[in-house]
Amino acid sequence: MCELLGMSANVPTDICFSFRGLMRRGGQTGPHRDGWGIAFYEGKGCRTFHDPAPSCESEIARLVSSYSIKSCTVISHIRRANRGRVGLENTHPFTRELWGRMWTFAHNGQLKGIKQRTLTFYAPVGSTDSEHAFCWLLDQIRMHYPEPPKSPAALMRLVRDIAADLGKLGVFNMLLSDGRYLWCHCATNLAWLTRKAPFGPATLIDDDMSVDFAKETTPNDVVTVVATRPLTRDENWTVMKAGEMAVFRGGLLLK
């Protein structure tokens, strides 16, 4: 299985601390040695890094963990290959354009029979079931809404329904974003926490590193981090239930 990491914030924020914990799981404290990737949104643009090497050994990952790239929405993934060869084209997260925005997707799990589903507008570059699922998901959104829906709630419901449908094929832990919303669908393992005032210290589980967020933030900052498994040992993570969807915008959980 792979591991996921996402962030939603109300102000541009770097993810260096959380990513440092995740990259250790890519071949050092975990078995996910088959590549990694990360996407940072900047307005309507999306800055992405991918490497088929283990994140714990990757010079690019070390750069990302130390270089403060600030973003309001981030999606990252470390891979343990089960469908598709180890290669750059098969590293998550995957990106595609819809309605003039870049959409980003990362998946943990296996989806039996997904490649039997016909694709209309989007095609995979690599050979993973995950990328096929992403293309099919965007196909469904585009067929329902050739133009952006006027109601955000309608889009929320549609993505929930599509995620539930894909979940019938197997394990579907997913992070999805258009740069504004961060959709998080849990099948087996996904947890999140929201950091806001009053801020305190946090210590990584996978690395000997602590940060006092009271010294790194302002009282108005709101930052939510989503991960396959909690990344810190001294914070209160919310563990999601099977079949549950959480949607965040600006660091806040949408009801």
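The following legends describe close-up views of a predicted model.

**View 1. A seven-stranded open sheet.** The strands of this open sheet follow the order 3-2-4-1-12-9-13, and their pairing is antiparallel. Strand 3 and strand 13 (238–239) form the edges, each pairing on one side only. Within the sheet, strand 9 (residues 191–196) and strand 12 (residues 222–227) run antiparallel and are joined by six bridges. One point of this pairing places Thr194 opposite Thr224 in strand 12. Helix 1 (residues 16–24) lies across strand 1 (3–13), strand 2, strand 4, strand 9 and strand 12, and runs at about 170 degrees to strand 1. Helix 2 (residues 59–66) also packs on the sheet, where it touches strand 2 and strand 3, and its direction makes about 35 degrees with that of strand 2.

**View 2. Strand 2 and its two partners.** Why is strand 2 (residues 36–42) described as largely enclosed by the rest of the structure? Six of its seven residues are buried, so the strand is largely enclosed. Strand 2 runs antiparallel to strand 3 (residues 45–51), and seven bridges join the two. Glu42 stands opposite Gly45 in strand 3. The hairpin formed by strand 2 and strand 3 has two residues between the strands, and Gly43 takes a positive phi near 65 degrees there. Strand 2 also pairs with strand 4 (residues 71–78), in the antiparallel sense and over five bridges. In this second pairing, Gly37 has His77 of strand 4 as its bridge partner.

**View 3. A six-stranded open sheet.** This open sheet has the strand order 5-6-7-8-14-15, again with antiparallel pairing. Its edge strands are strand 5 and strand 15 (252–253), each of which pairs on one side only. Strand 7 and strand 8 run antiparallel and are joined by four bridges. Met174 stands opposite His185 in strand 8. Helix 3 packs on the sheet and touches strand 5, strand 6 and strand 7, with its direction at about 15 degrees to that of strand 5. Helix 4 lies across strand 6, strand 7, strand 8 and strand 14, and runs at about 30 degrees to strand 8.

**View 4. The packing of helix 3 against helix 4.** Two packed helices are described by the angle between their axes and the distance between the axes. The axes of helix 3 and helix 4 come within 11 Å and cross at roughly 140 degrees. This angle makes helix 3 oblique to helix 4. The crossing of the two helices is right-handed. On the side of helix 3, the contact is made by Ala133, Trp136, Leu137, Gln140, Ile141 and His144, which meet Leu155, Leu158, Val159, Ile162, Asp165 and Leu166 in helix 4.

**View 5. The largest nonpolar core.** Which of the 30 residues in this core touch the most other members? They are Trp103, Leu137, Ile141, Leu176 and Trp183. Helix 3 (129–144) and helix 4 (152–167) each give two or more residues to the core, as do strand 5 (94–98), strand 6 (101–108), strand 7 (173–177), strand 8 (181–185) and strand 14 (245–249). Beyond its neighbours within four places in sequence, Trp183 is in contact with residues including Trp103, Leu155, Met156, Val159, Leu176 and Val247. Another core lies apart from this one, with 22 residues, among them Phe19, Ala191, Ala227 and Trp237.

**View 6. The surroundings of Ala191.** Ala191 lies in strand 9. With a relative accessible area of 1%, Ala191 is buried. Apart from neighbours within four places in sequence, Ala191 is in contact with Val225, Val226, Ala227, Thr228, Pro230, Trp237, Thr238, Val239 and Met240. The C-alpha atoms of Ala191 and Thr95 are separated by 23 Å, and the two residues are 96 residues apart along the chain.

**View 7. The surroundings of Ala202.** Ala202 is found in strand 10 (residues 201–203). Is Ala202 buried or exposed? Ala202 counts as buried because its relative accessibility is 0%, and the cut-off for a buried residue is under 20%. Not counting residues up to four places away in sequence, Ala202 touches Phe17, Arg195, Met209, Ser210, Val211, Phe213, Thr232, Asp234 and Glu235. Ser65 is 137 residues from Ala202 along the chain, and the C-alpha atoms of the two are separated by 16 Å.

Definitions and conventions: Residues numbered from 1 in each chain as written. Predicted model: local features only at pLDDT ≥ 70, side-chain atom pairs only at ≥ 80, totals over all residues. Heavy atoms only, no water. Buried < 20%, exposed > 50% of the residue type's maximum accessible area, 1.4 Å probe, protein only. Contact = heavy atoms within 4.5 Å. Core = buried A, V, L, I, M, F, W, Y, C linked by side-chain atoms within 4.5 Å. Pairing = 2+ DSSP bridges. Axes fitted to C-alpha atoms, helices over the stretch in contact; angles between N-to-C directions. Parallel < 35°, antiparallel > 145°, perpendicular 65-115°, else oblique. Left-handed = near helix turned anticlockwise from the far one by under 90°.
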